[in-house]
Amino acid sequence: MKSGELLRDLHIYFNDIKDLEKKEREIDSFISSLESFKLQVHNEKIGITEENLEEKIREFLDSEYQYILVSKNGYYEYKYEKQDYDDFIREENIKKILNGKTKEERQDIYYELLNEFGYQWEFDTIDEIASDFCNEYNYEQHDTEIQDILVNLIYFNYDTFLTDKYNVNIIIDFNKQDVNTDFSNSSNLENCKNNNLYTLLKKQGYSKKDYENNLKFLEDNKNEIMKDKYNYDFDKIEKLGGSKFLTSVKEEINNNQYEYLTSLVVLKKMSLEDLINLDKITINTENEIGLFNWHYGSGSLLEIQLEKDFILDREKDIYNIQVENCKQDFGYSVNEVYGLINSCWKE
């Protein structure tokens, strides 16, 4: 059929439609179909069809995006890179994540927050790649066909967020020992064996008797183990057969000038991955630990010297986790009370 005959037949067809709105819709539909056919013809001329479009996109990604996209099992991983120094998950959102009672709940909260953040970046990235493909092949895109393919091919990895470190304070209550006594008199080893400080002794391999023997050792050797009138030389204590740990517990209790809660506060920089995924948290000998009253904003030295790492069960042994630099639900954070420097939070 010649073009003139086609135009004549179309003219007759459209004029036979009496409803003007329907006639307008029919004309618009025809023009749209004609444009789609024109795109199809153009793309076939450059060797791209509906059947091989995904294959061509994969070739393009392998050649032009090989340094950005990692090919895995037929898909491509795109790792998010921070855009500026202020690009991280805020402490208030970390607190929301920690409110999750289980690993699954914490992960759900995290991905919900991530979706709010990442949606626009993912959209812009897909749009940019699609545009690059069209420019490279002189391909004329119809609607969102390339974007749809790219969405199914590319997995966006936000693990770079998990490298951020957050200062957290772990409030410990071993096996919920003192939950019914509001942590009263928890630091007093003389009056109560079933408390958190005594449990810490046992986790370090000591008994109450060992603690009492170390007190005698300190008294018997006080002329040799004192740096000055007020401070112990812990290296000499260890050299002479005493215990750094038991001595630091004594110091922690001696400097307890209030009726403290039974919490041991661990000052630690933990990754977001740890906070979300770990059911067990290891407290190592580098971590600051001691007695702290978050209700009233007071505390002791936080200088108990651990001799062994020990493991906390997230559900059984942790009363609360504070996140520094955000508003606490109640009471005070460690840094609000002490004004410590970041180096106190150790990994």
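Which residue, with a positive phi, follows helix 7? The views below, drawn from a predicted model, include the answer.

**View 1. The whole protein in its predicted form.** The protein has 347 residues, and 41% of them count as buried. Its secondary structure consists of 14 helices and 10 strands. Among contacts with a separation of 6 or more, 72% join residues that are 24 or more positions apart. The exposed area comes to about 20500 Å², with carbon and sulfur atoms supplying 46% of it.

**View 2. Helix 7, residues 196-203, and the residue that follows.** This helix is largely enclosed by the rest of the structure, because six of its eight residues are buried. The buried residues are Asn-196, Leu-197, Tyr-198, Thr-199, Leu-200 and Leu-201. After helix 7 comes Gly-205, with a positive phi near 90°.

**View 3. The cover over helix 7.** Two helices are included in what covers its buried residues: helix 8 (208-220) and helix 11 (244-254). The cover also includes strand 4 (165-172), strand 5 (264-271), strand 7 (288-293) and strand 9 (310-313).

**View 4. The largest pocket, with a volume of about 470 Å³.** Its lining is made up of 18 residues, and those nearest the centre are Leu-98, Lys-101, Tyr-319, Asn-320 and Ile-321. Two or more lining residues come from each of helix 4 (91-98), helix 13 (314-317) and strand 10 (318-323). Strand 10 gives the most, with five residues. By residue class, the lining of the largest pocket holds seven charged, six nonpolar and five polar residues.

Methods. Residues numbered from 1 in each chain as written. Predicted model: local features only at pLDDT ≥ 70, side-chain atom pairs only at ≥ 80, totals over all residues. Heavy atoms only, no water. Helix = DSSP H or I, 4+ residues; strand = E, 2+ residues; numbered from the N terminus. Buried < 20%, exposed > 50% of the residue type's maximum accessible area, 1.4 Å probe, protein only. Contact = heavy atoms within 4.5 Å. Areas by Shrake-Rupley, 256 points an atom, 1.4 Å probe, with all protein chains shown as cover. 1 Å grid on protein atoms, 1.4 Å probe; cavity = no way out; pocket = protein on both sides within 12 Å on 5 of 7 lines; lining within 4 Å. Points joined across faces, edges and corners; volume = space filled by probe spheres on them. Nonpolar A, V, L, I, M, F, W, Y, C, P; charged D, E, K, R; others polar.
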